[in-house]
Amino acid sequence: MNKIRIFHKINYDNAYERHIEYEDYIIEYNTNTLLTDVVKDVKHSQLNIRDYYDLSLRAHLYNCDVPYIYQDGSLAWNVRINEVKVIDVIKTHEIDDTIMVESYIASHGGYYHLMDLVELWESIVPVLLEISKYLGVLFVFEKAINKISKLFIKKKVSPMNVIELILTREIWNQHELAKLLELEIEQTKCLLKALGYKWDKQKLAYRNGNIKFVHNKFSQMSVITKKEFKG
């Protein structure tokens, strides 16, 4: 059995109390141990690992699905928290010491109307345009992004999931990423370039020296819909 530390932030927010508590403990795990089996006294519906998904979970408020994770060597999207193994979290996020988990014990939900998938994919184009202007690059990727968006909308995958996954690495091999995202090589290159990646002749791969800037631009993007809701 292997061991790893769990740091658990518990948010209490209901009619009786509003405060935060912390738990810190060591757990044992094997290749089959589920995360929900080792986090103490928390219902599956209350648990999340949002520390690792800053962009993705902005568009999934009060939703405990894991935006993406590697399972048995393959990339999986929108995985239920009770299907996530401890080893999956460690490998996906290259964790050496501590897994950060969080739970919400609340008696109410959110009242925001979030954008649907089509709106979200449409909304990233102006942000990509801003990034191109900042980097001094001509934005010629709109048609490619529109085609890519249709593929991911069919899979019910948010652009925030895809963008956050890509921004976890400064350097990408276009063939590896194309296989991972199930895109054509040219589509993958367009996506990388649109996010500020440039071809590095020495590395023979695409490299992004402005990840923090790009991440900040998307973290500032509104995910609240402008559509009117009746009822």
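In this predicted model, strands β7 and β9 run antiparallel to one another and are held as a pair by two bridges. β9 covers residues 205-207, and its Tyr206 is the bridge partner of Trp172. The pair belongs to an open sheet of three strands, laid out in the order β7-β9-β8 with antiparallel pairing. β7 (171-172) and β8 (198-200) each have a single partner strand and stand at the edges, so one side of each has no neighbour in the sheet.

Trp172 turns up again in another setting. Arg169 lies over the face of the Trp172 ring, 4.0 Å from its centre. Arg169 also has a charged partner, since its side chain meets that of Glu176 in a salt bridge, with 3.0 Å from N to O. How buried or exposed are these two partners? Arg169 comes out as partly exposed at 31% relative accessibility, and Glu176 is partly exposed too, with a relative accessible area of 36%.

On to the other charged pairs. The structure has nine salt bridges in total, and the one between Arg5 and Asp97 spans 3.9 Å from N to O. This pair ties together distant parts of the chain, 92 residues apart: Arg5 is in strand β1 (residues 2-13), while Asp97 is in the loop between α2 (86-92) and β6 (98-106). Arg5 has a relative accessible area of 25%, so it falls in the partly exposed group. Through shared partners, salt bridges also join Arg5 and Asp97 with Asp24 in one network.

Lys217 and Glu130 make another salt bridge, where the closest N and O atoms are 2.8 Å apart. Here, too, distant parts of the chain are linked: Lys217 belongs to helix α8 (residues 211-219) and Glu130 to helix α3, with their positions 87 residues apart. Both ends are partly exposed, Lys217 with a relative accessible area of 22% and Glu130 with 41%. As a general point, side chains of opposite charge can pair when their charged atoms come close.

Helix α3 has a part to play in the interior as well. The largest nonpolar core contains 67 residues, and α3 (residues 117-135) is its biggest contributor, giving eight of them. Which residues have the most contacts inside this core? They are Leu35, Ile99, Ile166, Leu181 and Phe218. Leu181 gives a good idea of the surroundings: leaving aside residues up to four places away in sequence, Leu181 touches Leu75, Trp77, Phe152, Lys155, Val162, Leu165, Ile166 and Leu191. Ile166, one of these neighbours, is itself on the list of residues with the most contacts in the core. In soluble globular proteins, nonpolar side chains tend to be buried together.

Two of the residues touched by Leu181, Trp77 and Phe152, also take part in an aromatic cluster, which they form with Tyr53, Tyr68 and Trp121. Across the whole structure, the search turns up eight aromatic pairs. In one of them, the ring centres of Phe139 and Phe141 are 5.6 Å apart and the ring planes meet at 85°; an angle over 60 degrees counts as edge-to-face, so that is how this pair is classed. Are these two rings buried or exposed? Phe139 counts as buried because its relative accessibility is 15%, under the 20% limit. Phe141 is buried as well, at 8%.

How values were computed
Residues numbered from 1 in each chain as written. Predicted model: local features only at pLDDT ≥ 70, side-chain atom pairs only at ≥ 80, totals over all residues. Heavy atoms only, no water. Pairing = 2+ DSSP bridges. Helix = DSSP H or I, 4+ residues; strand = E, 2+ residues; numbered from the N terminus. Phe/Tyr/Trp six-rings, centres within 6.5 Å; stacked < 30°, edge-to-face > 60°. Buried < 20%, exposed > 50% of the residue type's maximum accessible area, 1.4 Å probe, protein only. Lys NZ or Arg CZ within 6 Å of the ring centre and 35° of its normal. Core = buried A, V, L, I, M, F, W, Y, C linked by side-chain atoms within 4.5 Å. Contact = heavy atoms within 4.5 Å. Salt bridge = Lys/Arg side-chain N within 4 Å of Asp/Glu carboxyl O.
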